[in-house]
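Visitor: I would like to go through the labels given to this structure and hear the reasoning behind each of them. Could we take them one at a time?

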Amino acid sequence: MNWSLRKTIILLSILLVVIALLIFRQPLAEAAGDFYERYFRKPSIGMEALDSGSLSLKEVSIDEVYANPDLFGFNESMLLVNKTNKVGKEDSFDIIYYKDTDVPMNRAIVSDYSKFSAAVLDACGEKMFVMSSVRSFEEQDQLFKEDPEVAAPPGESEHHTGLALDVYAYQFAGPGFLDSPVGKFVQKNCADFGFIIRYPEGKEGLTGFSYEPWHIRYVGFPHSLYISDHRITLEEYFDRFEFDRYYRIDSYLVSRQEGPSLWIPENYDWISVSPDNTGSFFVTIKDTL
Ligand SMILES: [Zn+2]
């Protein structure tokens, strides 16, 4: 074979590979695009960094917050749990039973889950059920051993905190959840009730998990609205905060602070202070406007 023929063959092979890649990549890109069109909303709320001078803030020590949890709206809604931010076997969380059931959940999510669940029944005419909520280290270890591809190792699962729920509709669980009206409603509207789809399609590289339409995670307002509107993950949301700076998001002021003292606005209608499992805290207030 002469050199120019060999070169032509090599070039043709490269061209074929490129064409094949383009053909196979396209449907994947479209599928992710469809997902966003179907399940996320158009960005409607922004995030505006505020000048610290424009706010009237008071210094409150973390100890003071711990000593007066109700006064400062102390809760655990903003805990980040993933491969790099684990929880320990000895860590305990604020877990209570949902209404008069035997389903344990984090105290932070009970009230909004109740509203969400009622809205699902109202819109779809059928119930949303909880398959899995709080998991112990032993239970997570068992799941991880059974299916290390899908389940997180113990310590790396949000289920330890009681902030995540695996939900389903009658006869529609797992990936099939999306084929049910309840599954579709949950994807589209969970943010209105403080929940996010924690492992969205197309974000596998960031979350370490494939798309899980059934795994909903509570973060509360305005976080769920911003995350859903801007099509980002909880990890990406955390990265948008410069420490100790206040941001206006919707009608809320939000800041991520390192402590040991927190700077809290003097006046507000509602407040939430939550640790974030990275050593810092989220302070969220609803403006008096
Ligand atoms: Zn889950």
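Guide: In this predicted model, Val120, Ala123 and Cys124 of α3 meet Pro181, Val182, Phe185 and Val186 of α5, and the residues of this contact divide into seven nonpolar, no polar and no charged.

Visitor: What makes the residues of the contact of α3 with α5 nonpolar?

Guide: Val, Ala, Cys, Pro and Phe each count as nonpolar, and the residues that meet here are Val120, Ala123 and Cys124 from α3 with Pro181, Val182, Phe185 and Val186 from α5, so the division comes out as seven nonpolar, with no polar and no charged residue.

Visitor: Why is α3 called oblique to α5?

Guide: Helix α3 (residues 110-124) and helix α5 (residues 181-189) pack at an angle of about 130°, and their axes are 10 Å apart. Roughly perpendicular covers 65 to 115 degrees and roughly antiparallel begins over 145, and because about 130° falls in neither range, α3 is oblique to α5. The crossing in which α3 passes α5 is right-handed.

Visitor: Which strands are the edge strands of the open sheet, and what makes them so?

Guide: The open sheet is formed by four strands in the order β5-β6-β8-β7, with antiparallel pairing. The edge strands are β5 (129-132) and β7 (195-197), each of which pairs on one side only. From one strand to the next the twist averages 45°.

Visitor: How do you know that strand β6 and strand β8 pair?

Guide: At least two bridges are needed for a pair, and strand β6 (residues 164-168) has three bridges with strand β8 (residues 215-218), in the antiparallel sense, so the two strands count as paired. Ala164 stands opposite Arg217 in β8.

Visitor: Why is Arg231 called partly exposed?

Guide: Arg231 has 16 other C-beta atoms within 10 Å; a buried residue would need 20 or more and an exposed one 12 or fewer, so Arg231 is partly exposed. Arg231 is found in the loop between α7 and α8 (234-239), and its phi is near 55°, a positive value in a residue other than glycine.

Visitor: What makes Asp250 count as partly exposed?

Guide: Asp250 has 18 C-beta neighbours inside 10 Å, which again lies between the cut-offs of 12 and 20, and therefore Asp250 counts as partly exposed. Asp250 lies in the loop between β9 (246-249) and β10, with a positive phi near 60°.

How values were computed:
Residues are numbered from 1 along each chain as its sequence is written. This is a predicted model: local features need pLDDT of at least 70, side-chain atom pairs count only at pLDDT 80 or more; totals for chains, interfaces and linings use all residues. Axes are lines fitted to C-alpha atoms, for helices over the stretch in contact, and angles run from 0 to 180 degrees between N-to-C directions. Angles under 35 degrees count as roughly parallel, over 145 as roughly antiparallel, 65 to 115 as roughly perpendicular and the rest as oblique. A crossing is left-handed if the near helix is turned anticlockwise from the far one by less than a right angle, and right-handed if clockwise. Two residues are in contact if their C-beta atoms, placed from the backbone, lie within 7 Å.
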